[in-house]
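Let's take a walk through a protein together, beginning with one residue and then stepping back for the wider view. Have the structure open while you read.

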Amino acid sequence: MFTDLFLKRRHWLLGVGAALALAAGPVWASDEAPEVFIKRITNDTLDTIKADKALRNGDVGKIMQLVDVKLMPHVNFRRMTALATGPAWRKATPEQQTRLQDEFKILLVRTYAGALSQVSDQVVLVKPLRAGQEDKNLVVNTEVRGKGDPIQLDYRLEKTPGQGAGWMIFDLNVLGVWLIENYRTQFTKEINAGGIDALIASLAARNKTNAKAS
């Protein structure tokens, strides 16, 4: 069983960060600036959450549906899962990789579903892009502003080539802690103790516990 990923405040912020792309539409033109992309999806999503009582109440079924339809086109979730898993990912079978992605997605959605109920008067300030960054590992810095001090919330993006080209999210940074790095520490312990199947089983057990509690 994993320990909590973040303190309560970080749970809330990561939930907001993960939710900020839920209401985004199709991937836009490949020449859309990364900071414009983040500003667009965050503003659209905050407006949607504020207007949707079910989302604010943490309706997991509705959140899962929105994740599949709206968020996944904007997230390289395979890369996110692979980075969180580490070297063991390359040794996993295709079936194990699929199961791991599925359980990891459920864990993230359920863990942070409650954060949606806390969205009220928050706004997101997107900071100017730092020069000299590469398209495969580019960071857009933002601040979540509402009651209390501004909170750092950053997005790591990559540019996808070819048809449907655009920006894809593959990591989040809240208060100086990157989501992938934090999960990798937990995943590595599980894998070292019992292999990739042990990690999948642990995630599945955590998800069942969360489902009963919701």
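Is D154 buried or exposed? Keep in mind that this is a predicted model, so everything here is computed from that prediction. D154 counts as buried because its relative accessible area is 4%, and the cut-off for buried is under 20%.

So who surrounds this residue? You'll find D154 in strand β3, which covers residues 151-160. If we skip its neighbours within four places in sequence, D154 is in contact with V139, V140, N141, T142, D171, L172, N173 and W178. Take V139 from that list: it sits 15 residues away from D154 in sequence, yet their C-alpha atoms are 6.7 Å apart in space. T142 deserves a look too, since the D154 side chain reaches the backbone nitrogen of T142 at 3.3 Å.

T142 also leads us to another strand. It's the bridge partner, in β2, of V126. Strands β1 and β2 (residues 138-145) run antiparallel, and four bridges join them. Now follow the side chains along β1, residues 123-126: V124 and V126 point to one face and are buried, while V123 and L125 point to the other face and are not.

Time to zoom out. The protein has eight helices and five strands, and from the N terminus on they run α-α-α-α-α-α-α-β-β-β-β-β-α. There are 214 residues, and 50% of them count as buried. As for the outside, the protein exposes about 10,600 Å², with carbon and sulfur atoms supplying 52% of that.

Terms used
Residues numbered from 1 in each chain as written. Predicted model: local features only at pLDDT ≥ 70, side-chain atom pairs only at ≥ 80, totals over all residues. Heavy atoms only, no water. Helix = DSSP H or I, 4+ residues; strand = E, 2+ residues; numbered from the N terminus. Buried < 20%, exposed > 50% of the residue type's maximum accessible area, 1.4 Å probe, protein only. Contact = heavy atoms within 4.5 Å. Polar contact = N/O pair within 3.5 Å; in protein donor to acceptor, adjacent residues only side chain to side chain. Pairing = 2+ DSSP bridges. Areas by Shrake-Rupley, 256 points an atom, 1.4 Å probe, with all protein chains shown as cover.
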